[in-house]
Amino acid sequence: MRLVFAGTPEVAVTSLRALLASRHTVEAVVTRPDARTGRGRKLEPSPVAKLAADHGVEVLTPAKPREPEFLGRLRDIAPDCCPVTAYGALLPRTALDIPRFGWVNLHFSLLPAWRGAAPVQHAIRHGDDITGATTFLLVPEMDAGPVFGTVTEPIGATDTSGDLLGRLAASGAELLVRTLDAIEDGVIRAEEQPADGVSFAPKITTADARVDWKLPAHLIDRAIRGCTPDPGAWTELDGERVKLQPVTLDAPDAGELSPGELRVTRGAVYAGTGSRPVRLGEVQAPGKRRMPAADWARGLHSVPDSRLGFS
């Protein structure tokens, strides 16, 4: 089939690589416009745009996918199908109607669970044991279209959203190619999603990533892992924002600590929660590199009087 692939971030690159290696032809990609990144705030093309350019594939970067110029070019290309992975913009009905087999989206949850922008982060934050990826036909309602296929993936006790998303990107890309193969062969039919079990996964903001030390330890563990690496968990200490990597729930030497209270030993740093203490992992102070918590604590001047989460 003739394809136009839509995707933007690094996680979508895995899908594009799989499509480029498949029996189908990627005629063009649709991706978000160049964005400012890094400390220099330099304009950079998306990871998907970079890979497409490396393979000589046409790159379309509409500010909004309802732009007449974009829609006209899409009609000119006349794709049979448009696979999508993490494109990052809503597609209007005028665009959805162009390919004869529609737009097939790869979503990183087992729909109808966790519809929305951050399914992996929410699955971890809510303590799910199993997640997966789903291919489905795009419709105007968010992530509500009929399903072609799924793959499942267990969530490990120490998985971060980055870990889990990396595995799902690989297995999901394979699912996406299998789905397109089956569509071309006429051996698959999309099934409507069940009405029960719908949940939503809105984007996790920086404010959402602030650690609440009054919560029980297991919820803090999930919250931090769900925000790692993006947008990154954080807390305050002495008026400064401190970034946190995942914590360890096994903290037998911590003793009794109130929420946010710190205890530093020779090789570890513990923090109190609403239930039991946790052991801090790597920590990044403002303007500093990321380092083990014990090394970070050696540079503190007022540990006995300091409390995480209080500015």
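In this predicted model, the count of salt bridges comes to 17. One of them joins Glu153 and Arg167, whose closest N and O atoms are 2.7 Å apart. Glu153 belongs to strand β9 (residues 147-154) and Arg167 to helix α6 (residues 161-185), so this pair ties together parts that lie 14 residues apart in sequence. The two partners sit in unlike surroundings: Glu153 is buried, with a relative accessible area of 14%, whereas Arg167 is partly exposed at 30%. Arg167 also forms a salt bridge with Asp159, again with 2.7 Å between the closest N and O atoms. Asp159 is buried too, because its relative accessible area of 8% falls under the 20% limit for that class.

A further salt bridge brings together the side chains of Arg210 and Glu236, at 2.8 Å from N to O. This pair links distant parts of the chain, since Arg210 is in the loop between α6 and α7 (217-226) while Glu236 is in strand β10, 26 residues away. Here Arg210 counts as partly exposed, with 41% relative accessibility, and Glu236 counts as buried, with 11%. Salt bridges can also join into a group: Arg23, Asp181, Glu184 and Asp185 are linked in a network of them.

Strand β10, the home of Glu236, leads on to the sheet. Strands of a sheet pair through backbone hydrogen bonds, either parallel or antiparallel. In this open sheet, 4 strands follow the order β10-β11-β15-β16, with antiparallel pairing. The edges are taken by β10 (233-237) and β16 (291-292); each has a single partner strand, so one side of each is left without a neighbour in the sheet. Within the sheet, β11 (residues 240-244) and β15 (residues 282-284) pair over 2 bridges in the antiparallel sense, and Lys243 has Gln284 in β15 as its bridge partner.

Aromatic rings offer another kind of meeting point. The structure holds 0 aromatic pairs, yet the ring of Trp234 does have a charged companion: the charged end of Arg241 sits over this ring, 3.7 Å from its centre.

Finally, Ser109 gives a view of a buried loop residue. Ser109 is found in the loop between β7 (103-107) and α5 (119-125), and its relative accessible area is 0%. A polar atom of the Ser109 side chain lies 3.5 Å from the backbone oxygen of Trp114. Leaving aside neighbours within four places in sequence, Ser109 is in contact with Trp114, Pro119, Thr131, Gly132, Ala133 and Thr134.

Methods: Residues numbered from 1 in each chain as written. Predicted model: local features only at pLDDT ≥ 70, side-chain atom pairs only at ≥ 80, totals over all residues. Heavy atoms only, no water. Pairing = 2+ DSSP bridges. Buried < 20%, exposed > 50% of the residue type's maximum accessible area, 1.4 Å probe, protein only. Polar contact = N/O pair within 3.5 Å; in protein donor to acceptor, adjacent residues only side chain to side chain. Contact = heavy atoms within 4.5 Å. Phe/Tyr/Trp six-rings, centres within 6.5 Å; stacked < 30°, edge-to-face > 60°. Lys NZ or Arg CZ within 6 Å of the ring centre and 35° of its normal. Salt bridge = Lys/Arg side-chain N within 4 Å of Asp/Glu carboxyl O.
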